[in-house]
Amino acid sequence: MRIAGYLLVIFLQLSWPALAGIGAQGTGEFADHWRPDPMHEYWDPGAHHRPETERVAGVFTGEECLECHAAITPGIVKDWRTSRHALADKPVLCPACHGEDHQKLIFPTPQTCGACHPQRLAQMEEEKKYGFPSHALAMERAVDAKHFADKPKAEVTSCLQCHSVATKCDSCHTRHRFDAAEARRPEACITCHSGPPHPDDETFFNSAHGRKYRLEGKNWAWNNPLKKGNYPAPTCAYCHMRDGNHQVADKAVWKFGIREINPTSAENKIKRKRWMELCADCHPNEIGETFFQALDSERSTAWQQLYNVEKILKKLRSDTLLSPSASERPPYPMEWLATVWPKERIGFYEGQASAFYNVSAIERDYFEMWYFSNLGAYKGMAHGAGEMAKKFHERMDAEARAIGVEAERLRHTKKEGVDWKALWMRGEYTEFNRDHN
Amino acid sequence: MRIAGYLLVIFLQLSWPALAGIGAQGTGEFADHWRPDPMHEYWDPGAHHRPETERVAGVFTGEECLECHAAITPGIVKDWRTSRHALADKPVLCPACHGEDHQKLIFPTPQTCGACHPQRLAQMEEEKKYGFPSHALAMERAVDAKHFADKPKAEVTSCLQCHSVATKCDSCHTRHRFDAAEARRPEACITCHSGPPHPDDETFFNSAHGRKYRLEGKNWAWNNPLKKGNYPAPTCAYCHMRDGNHQVADKAVWKFGIREINPTSAENKIKRKRWMELCADCHPNEIGETFFQALDSERSTAWQQLYNVEKILKKLRSDTLLSPSASERPPYPMEWLATVWPKERIGFYEGQASAFYNVSAIERDYFEMWYFSNLGAYKGMAHGAGEMAKKFHERMDAEARAIGVEAERLRHTKKEGVDWKALWMRGEYTEFNRDHN
Amino acid sequence: MRIAGYLLVIFLQLSWPALAGIGAQGTGEFADHWRPDPMHEYWDPGAHHRPETERVAGVFTGEECLECHAAITPGIVKDWRTSRHALADKPVLCPACHGEDHQKLIFPTPQTCGACHPQRLAQMEEEKKYGFPSHALAMERAVDAKHFADKPKAEVTSCLQCHSVATKCDSCHTRHRFDAAEARRPEACITCHSGPPHPDDETFFNSAHGRKYRLEGKNWAWNNPLKKGNYPAPTCAYCHMRDGNHQVADKAVWKFGIREINPTSAENKIKRKRWMELCADCHPNEIGETFFQALDSERSTAWQQLYNVEKILKKLRSDTLLSPSASERPPYPMEWLATVWPKERIGFYEGQASAFYNVSAIERDYFEMWYFSNLGAYKGMAHGAGEMAKKFHERMDAEARAIGVEAERLRHTKKEGVDWKALWMRGEYTEFNRDHN
């Protein structure tokens, strides 16, 4: 029976593109498994923007654009008029970015901006060599994630709003001012970098650095470059985008927080040295080392607890108490190996977040402990917010305990009853959406 | 036995006002079932304010008031001195709102303010034709809710603080400046519109609009009317109180978020058109349509999941696994029908929030999924904050899973043990408070 | 067997200091059970700071310090240059606080600052007579808490960051400006006073007072003393540190929120009168009384519900359904009595927060209800934020219900299965850390 199922899955995967082909306009590896929503043309304009052709026809100069739009959409015209684009000796007018034919209007991409700002584009592109997570790969890796086509598209659209950091520059530089001074401030970052699994806003704001920013930051000279001595306290961009470098990955320890890393590997030593040089802008040299010792120690404590909980889950697995088990779950599209060799998802897993939907409840509970609370604790410690580190460790404690209780329950209850398939396997994630996204 | 109980309930409901009568000073349908706390005279001054008569006697002019209070309560005098009331050619002095007899002082109501601001009062009153939720009916419908008399009064008092938006104008226009510029800013709204079930603050602040406000909003010209072209980005009042219209209900789709609505009904099409006209202040026409398509799609996904979970609960109900069941719960006062035909509360229920207290644990879990997380997802999407929509959908996923686990447990456990009556039926909600509120 | 265990514990506790002695550098009662992390020299410099001796040698004047550090750490020099220390007729230069020998540099303690600011130091020290919680005892009582040596040190380090309010003045007066105007603003407080169990930030910011601050507070004259008439609305310091008094404990009702207190005791009447005098800065006298009546009423409702849940736990205890039970838990170090007379921790317990780790899951659930949600409700009510009081009461309701469900489950399940010892008794809290902290 299971074999038959596998064969069906393989057949469907092979034949699906042919069957569904016409009109499918997705992008990436699973292009044939999803169609873009209208909203996608905003989040990934390079791939999905379709110019509006029904209303206005004609080719216009920038002055003509402005004349009309000052009445139609006055806000964006006012914003542009205060921008460096408008105030330059040779102003950058609307057609420079949008084209001049109103029936073929362009939504600008990083490449559009890169025509005049090649250094910034090159810095961003350079991130790709560091892999994901990174701004530059945010859209590509989201769309190519194994589970992408299996997630309800409406939720995917929510995800892509933040992942559009890779595909349009106004994620950080709000159109139509595109103000560097704005993008230097933490508010430019925290629209995305907030909430689980990356509470960068509350961990930064609850640090001594963040307090200083909250108290007086609005009056700092934000037109200054992000250089030593220019700011009374560091903010997101000061540390992560030093000197305005749009390459934010070269100090980032790969997947730190999500996996246990060895801080003394050759590569991580280099990265840590870069951090310490930064800390030394304001602090004596020793504080960097001390700070990282505290972070290592916090991480070690967190992993000790995470591994204890992983053991509980692995024991449940070997006792076949996880339901649905890995073999009861549909594999992801094109995930050939999983059709014959299904894998549980306990702890670090390549596919990350969304990969943890079609799992048993207790696996998901651990996922939240690991991906939400543990990452929160890491962010708290890394941003110097002891109160936040404490709060997320308390949460981990509570979750570890709840998982223990649930594991105990599973050992005493015959695992049946609720129809998981009805709840999760259809209608939420996997095959259903694969045909309908 | 149950019949006898019903008769007793009916007898008590009929005779209660007579038995408790003397001194009962509540308002609304259940006036006889509760007495106002002292704090109520602040939240509903028209109904409950009792002038202080023990200290100061006499009739005073505004100048006399000011002279004394500049020493006694200097803050409010300073605030008034910077108000339009003070700076007008013919200043509006203390007695205009409070009366001149210190033993008969008035706490102003919307009617007091409406004497000089009749248009604003009329706009607010006009909301009533749209039903609840609305600012104008916030107090009346709270007090007349079926469960009002059954909630511990101390908690009711907390609720009424926000519901006082209907009964006093300084909920939004802080006394004694009553500054329109203040009330135009989001901070005036979010004292109430924050947290579950209406995280309007975090969903707005995490949108691109909110980011712009956070970055530069304090410097915008808040004395400008809320009109196209006057503000670089929209805020609560810009969209919901266009041109300062104090009628905030005419664009609101009725109970959108709480129920599955048909966005293409005649009425909703009109409302949506009003929204899109507003979006067009700054955005091309298409974006309104695209945005609402994304919202419809998100809602449809949310309801698909909510209905899946409702099915689990309804199956439990038909298998008599909900404890306490509807028939084991005391009916609300004057809820005649429920005494003979008890109803479970699974999903949308007229009485809303507080109606979900005297229910089984799993019904309450679903209530939180539906009323807190689902509404959060809706607000996230409606305010353009993808990160928040994602966050609340993740929460819904976790809650759906937990409900599934609990349902499974209930099928394997004989439902007895904890004395629900001891925990909930006495001392928290229902009859006990009905006699003591 | 158990007796043998007791004897072993007693033996170990007696002999431990002798066995572990050499090199142990902790402080307080459990000095021999823990060693400070490097970070501790920042959180408690008086006890743990070790001067850096490897880099720079020499004795320097303030001018020499400034010359070098303007290049090395320009931020702190700039901060100092705008401080009253720099602008005084006789500037307070670096050596005044740090010493002049670069190999014996001092990290300043409250005593360092007290040399010039004796009144502020005396006020802070005076708090000690009120016991804990208080700023002055924050470090001492943390380190001397029964469970201190049993908590993983990395988490303890997080805790100490906030508790360092007792051991260094720049917790509130950010170095190197040490600005009184900064410390008067709520941001100075909420780096620590945020999140559970003390959501002072969100409860204040969601009050009418907080709204006023959020709207216009940045423009208030923060150089003004915290006196009647100087501020349009109160903030943390205005109420809790009136006139800048660094003694914040004389209006604080002892452990209000954590225990049920009698508001009409002789002592509490005096404290309440102090509060009402403060409210009268802006409000008519009656409002203080009304406000406190509402608070008393909210507290009474909260305790009614907490006691109902405590009853459930006590019944479980008498039926020996708590696992691990008190007798299965290791006693805290030096807790002689507990080795022979183990005590459950249900509700108010001297050791507070961290004492609730090595308990059964349901005791911990109640702890969170009592210590996080109940305290949140109290803070909401006490700060005049009805919306927050409501939110935390809703959370208490949900938690009470979940505890009821879990209690029911425990009555139907044989209590074994998960190895609590593996999860909690080793590696997280207690003996293991006692040897390794």
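Modeller: A helix, as the word is used here, is a DSSP run of H or I with at least four residues, numbered from the N terminus. The model before us is a predicted one.

Colleague: With that definition in hand, where is Thr320(A) found?

Modeller: Thr320(A) belongs to the loop of chain A that runs between helix H18 (285-318) and helix H19 (336-340).

Colleague: How should one read the backbone angles and peptide bonds in general?

Modeller: Most residues other than glycine have a negative phi, and most peptide bonds are trans. Thr320(A) is not a glycine, yet its phi is positive, at about 55°.

Colleague: What is the phi of Thr320(B), and where is Thr320(B) found?

Modeller: Thr320(B), also a residue other than glycine, has a positive phi near 50°. In chain B, the loop between helix H18 (285-318) and helix H19 (336-340) holds Thr320(B).

Colleague: Does a count of neighbours make Thr320(A) buried or exposed?

Modeller: A residue is exposed if 12 or fewer other C-beta atoms lie within 10 Å of its own. Thr320(A) counts as exposed because it has 10 C-beta neighbours inside 10 Å. Thr320(B) has 10 such neighbours inside 10 Å and therefore counts as exposed.

Colleague: Which residues does a cis peptide bond join in chain C, and where do they lie?

Modeller: One cis bond joins Phe132(C) and Pro133(C), with omega at about 5°. Pro133(C) lies in the loop between helix H9 (118-126) and helix H10 (138-143) of chain C. The bond from Pro196(C) to Pro197(C) is also cis, its omega being near 5°. Pro197(C) sits in the chain C loop between helix H13 (187-190) and helix H14 (200-205).

Methods:
Residues numbered from 1 in each chain as written. Chains lettered and ligands numbered in written order. Predicted model: local features only at pLDDT ≥ 70, side-chain atom pairs only at ≥ 80, totals over all residues. Helix = DSSP H or I, 4+ residues; strand = E, 2+ residues; numbered from the N terminus. Buried ≥ 20, exposed ≤ 12 C-beta atoms within 10 Å, placed from the backbone.
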